[in-house]
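Me: I'd love to walk through the side-chain packing of this model with you. Shall we start with the aromatic rings?

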Amino acid sequence: LNVLASPEYINLYETKGSAACFSLLTKKEVAYQESKTVKNLNARDFTFEDGVTRDCKAHLRICSGFKDQHTLRVYFKIDNKKLYIGLITKHLDVATS
């Protein structure tokens with residue numbers, strides 16, 4: 001979480017994009033996209049104190065094991081050099097067909 005909130009990470013994300021950030025966090029630690037199903041549901045949209053709804057599809061994985069029950073996800077959005085944390089929780093539900 002310290003890396004995610006660091007000025008170095010936020011600046012790298014804003015200037016060079018998410019792919020450049022894999023030099024600071026691995027693909028096992030952070031993801032910037034969600035599945036097509038989740039994208040279509042707007043399931044990761046959160047409204048912040050400023051009244052703006054932001055898509056927090058990017059998520060940091062904090063885990064003590066390899067199973068979902070041992071993993072927390074930090075859903076976030078970086079916008080205008082600010083880190084917005086939408087939610088810290090277990091894996092959010094995904095609609096199934």
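Me: Happy to have you along! How many aromatic pairs does the structure hold?
Reply: Bear in mind that this is a predicted model. Ring pairs are counted when their centres lie within 6.5 Å. By that count, the number of aromatic pairs in the structure is three.

Me: Let's take Phe22 and Tyr32. Is their pair stacked or edge-to-face?
Reply: The ring centres are 5.5 Å apart, and the planes make an angle of 70 degrees. Planes over 60 degrees apart count as edge-to-face, so the pair of Phe22 and Tyr32 is edge-to-face.

Me: Where in the chain do Phe22 and Tyr32 sit, and how many residues apart are they?
Reply: Phe22 belongs to the loop between α1 and β1 (30-31). Tyr32 is found in the loop between β1 and α2 (36-41). The pair thus links distant parts of the chain, and the separation is ten residues.

Me: Is Tyr32 buried or exposed?
Reply: The cut-off for buried is under 20% relative accessible area. Phe22, its partner, has 29% and is partly exposed. Tyr32 has a relative accessible area of 9%, so Tyr32 is buried.

Me: Nice. Which residues form one aromatic cluster with Phe22?
Reply: Phe22 also has a charged neighbour, since Lys27 lies over its face at 5.3 Å from the ring centre. As for rings, the cluster that includes Phe22 is completed by Tyr13 and Tyr32.

Me: Now to Phe48 and Tyr84. What is the angle between their planes?
Reply: Phe48 is in the loop between β2 (45-47) and β3 (53-55), while Tyr84 is in strand β6 (residues 82-89), 36 residues apart. Both residues are buried. Their rings pair edge-to-face at 5.2 Å centre to centre, with an angle between the planes of 65 degrees.

Me: Which residue places its charged end over the ring of Tyr84?
Reply: The distance from that charged end to the ring centre is 3.7 Å. A charge counts as over a ring within 6 Å of the centre, given a suitable angle. The residue is Arg54.

Me: And the nonpolar packing: how many residues are in the largest nonpolar core?
Reply: Among those with the most contacts inside this core are Leu4, Val30, Tyr32 and Phe76. α1 (7-16), β4 (58-63) and β5 (71-79) each supply at least two of its residues. A second, separate core of five residues includes Phe46, Phe48, Cys56 and Tyr84. The largest core has 13 residues.

Me: One last stop, Ser6. Which residue's backbone nitrogen does its side chain reach?
Reply: Ser6 lies in the segment before α1. At 17% relative accessibility, Ser6 counts as buried. Its side chain makes a contact at 3.1 Å with the backbone nitrogen of Tyr9.

Technical notes
Residues numbered from 1 in each chain as written. Predicted model: local features only at pLDDT ≥ 70, side-chain atom pairs only at ≥ 80, totals over all residues. Heavy atoms only, no water. Core = buried A, V, L, I, M, F, W, Y, C linked by side-chain atoms within 4.5 Å. Buried < 20%, exposed > 50% of the residue type's maximum accessible area, 1.4 Å probe, protein only. Helix = DSSP H or I, 4+ residues; strand = E, 2+ residues; numbered from the N terminus. Polar contact = N/O pair within 3.5 Å; in protein donor to acceptor, adjacent residues only side chain to side chain. Phe/Tyr/Trp six-rings, centres within 6.5 Å; stacked < 30°, edge-to-face > 60°. Lys NZ or Arg CZ within 6 Å of the ring centre and 35° of its normal.
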